[in-house]
Amino acid sequence: MIKIYFLLFYEFMKIGLFAIGGGYASLPFLFYIQQKYQWFGIDELTNMIAVSNITPGPIGINMATYTGYTTAGIIGSFIATGAIVFIPFFISILMVKLINKYKNCSFIAGIFLGLRPAACALLASIGLKLLYKSVVPFSSNYKSLILFIVLFIPFLYFKKNPLLIIVFGALGGIIINRF
Amino acid sequence: MKKISLFEIFKIFFIIGIQLLGGGYVIVPLLKKYIVEERNWMSEEELIDYYAMSQCIPGIIAGNISICTGYRLRGFMGAVAAITGIIAPSFIAIIVLANILSSVVNFKPVKDAFFGIRISVIILVLVTIKDIWQKSVNSIFTYIMFFLILAVLLFLPVSPAIVIVFSALISLIFYKIKGVKND
């Protein structure tokens, strides 16, 4: 158990340090952890992502708490959440102290020029893998494919509202599994 | 000026945490309302500076901006109060939900609902990819970065941390070379 606590801290500290670009940036890291340690299944992970989306609070924090909890109970959730803010905590304080020196962080803007496409590619690889796993015919059941196509319609209209997409998904799942 | 109490900081960030739904940037108008307008604890310019800064350092944006604001208000302990305040509501909500879910997850309707929700998550991920793509992939350099990294990721199990460090280095080199040309 101590080893799991240590690994949890290490992996989530890495997320805090390297996940750049909004709440979904930690997704590729979570899938990496899933593959490496098998603490939870892929389906379980997608469920956790969905729940984190519709719970108040920053999505990144929600996902850390949830995955930590699933892996090692309440202590696990404390460790994962603490670890994800650990390094940013000190960097943020340092930045406030130095703010007047580095007000226009132009070389940081330079780094971000390539970091954002990289973050996008990381997420795209996860998106493609998930698509392949659950939507592509023959690799999964046809119900997922139908649901995916049907859900794309509300997505076109309510694209800024994750809650609605998730509610529609839940309803769609219940309805389609009746047949 | 009277010293702001740590509990007061914790309380305000807790209240903001409850209202945070969706992306991290939602926190900016909330901080503006509670800290700048209602209490006058700092200026709007400072808030905007912290927001800009929070985006160019590692970590969750809403977390970073809370730490900066907390530090500005009451030093190190203020930062601790702010970050624990912003985390607490999501922490409690997730633990409660996780317990409820684990006790109902084997009922058929719940299972079926999650079958559909998993498809929703794929769509959400695709929407996010599209958003980041539109904002950031718009030049030869960024196109190359995107497709090169995607190609590598689809065939090799590379750690995301390595991808980020690698692309930060490449970007810095590219930026330096371009900067020299401009001079």
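This is a short walk through a predicted model with chains A and B, covering the overall build, a cavity, the aromatic rings and a few loop residues.

I'll start with chain A. Its secondary structure comes to seven helices and zero strands. Read along the sequence, then, the pattern is α-α-α-α-α-α-α. If you look at the C-alpha trace along its principal axes, chain A spans about 60 × 40 × 30 Å. The chain has 179 residues, and 58% of them are buried.

For chain B, I have the domain division. Domain 1 runs over 6–103, and domain 2 over 107–182. Between the C-alpha centres of these two domains of chain B there are 27 Å.

Next, the cavities. How many cavities of 30 Å³ or more are there? The count is two. I'll talk about the second largest cavity, which has a volume of about 40 Å³. Which residues line this cavity? From chain A there are A:Phe18, A:Ala19 and A:Ile20, then A:Ala25, A:Pro28 and A:Phe29, and further along A:Ala119 and A:Leu122. Chain B supplies B:Ile164 to the lining. In terms of helices, α2 (27–37) and α5 (106–134) of chain A each give at least two residues to the lining. By class, that lining has nine nonpolar residues, with no polar and no charged ones.

Now the aromatic rings. Over all chains, the structure holds 14 aromatic pairs. Take B:Phe10 and B:Phe14 as one of them: the ring centres are 6.0 Å apart and the planes are at 35°, so this pair is tilted. An angle under 30 degrees would have counted as stacked, and one over 60 as edge-to-face. Where do the two residues sit? Both are in helix α1 of chain B, residues 6–19, and they are four residues apart, about one turn of the helix. B:Phe10 has a relative accessible area of 28%, so it is partly exposed. B:Phe14 is partly exposed as well, at 25%.

Compare that with B:Trp133 and B:Phe147. This aromatic pair is edge-to-face, with 6.0 Å from centre to centre and 75° between the planes. Here the pair links distant parts of the chain: B:Trp133 belongs to helix α5 of chain B, residues 108–136, and B:Phe147 to helix α6 of chain B, residues 140–155. The two residues are 14 residues apart. On exposure, B:Trp133 has a relative accessible area of 24%, which means that it is partly exposed. B:Phe147 is at 46%, and this also counts as partly exposed, because the exposed class begins over 50%.

Ring pairs can also join up into a cluster. In this model, one cluster takes in A:Phe9, A:Phe86, A:Phe89 and A:Phe90 from chain A, together with B:Phe76 from chain B.

Staying with rings, there are two places in chain B to look at where a charged side chain lies over a ring face. B:Lys33 is over the face of B:Tyr34, at 4.2 Å from the ring centre. B:Arg39 is over the face of B:Trp41, at 5.8 Å from the ring centre.

Last, some loop residues, beginning with chain A. A:Gln38 is not a glycine, yet it has a positive phi of about 55°. Its place is the loop between α2 and α3 (42–54) of chain A. Is A:Gln38 buried or exposed? The relative accessible area is 55%, so A:Gln38 is exposed.

The loop between α2 and α3 of chain A also holds A:Gly41. At 29% relative accessibility, A:Gly41 counts as partly exposed. If you want a distance to check on screen, A:Gly41 and A:Phe31 are 10 residues apart in sequence and 9.7 Å apart in space, C-alpha to C-alpha.

In chain B, the residue to look at is B:Asn40. It has a positive phi of about 60°, and B:Asn40 is not a glycine either. B:Asn40 lies in the loop between α2 (27–37) and α3 (44–55) of chain B. With a relative accessible area of 58%, B:Asn40 is exposed.

Notes. Residues numbered from 1 in each chain as written. Chains lettered and ligands numbered in written order. Predicted model: local features only at pLDDT ≥ 70, side-chain atom pairs only at ≥ 80, totals over all residues. Heavy atoms only, no water. 1 Å grid on protein atoms, 1.4 Å probe; cavity = no way out; pocket = protein on both sides within 12 Å on 5 of 7 lines; lining within 4 Å. Points joined across faces, edges and corners; volume = space filled by probe spheres on them. Nonpolar A, V, L, I, M, F, W, Y, C, P; charged D, E, K, R; others polar. Phe/Tyr/Trp six-rings, centres within 6.5 Å; stacked < 30°, edge-to-face > 60°. Buried < 20%, exposed > 50% of the residue type's maximum accessible area, 1.4 Å probe, protein only. Lys NZ or Arg CZ within 6 Å of the ring centre and 35° of its normal. Domains from an automatic or database assignment.
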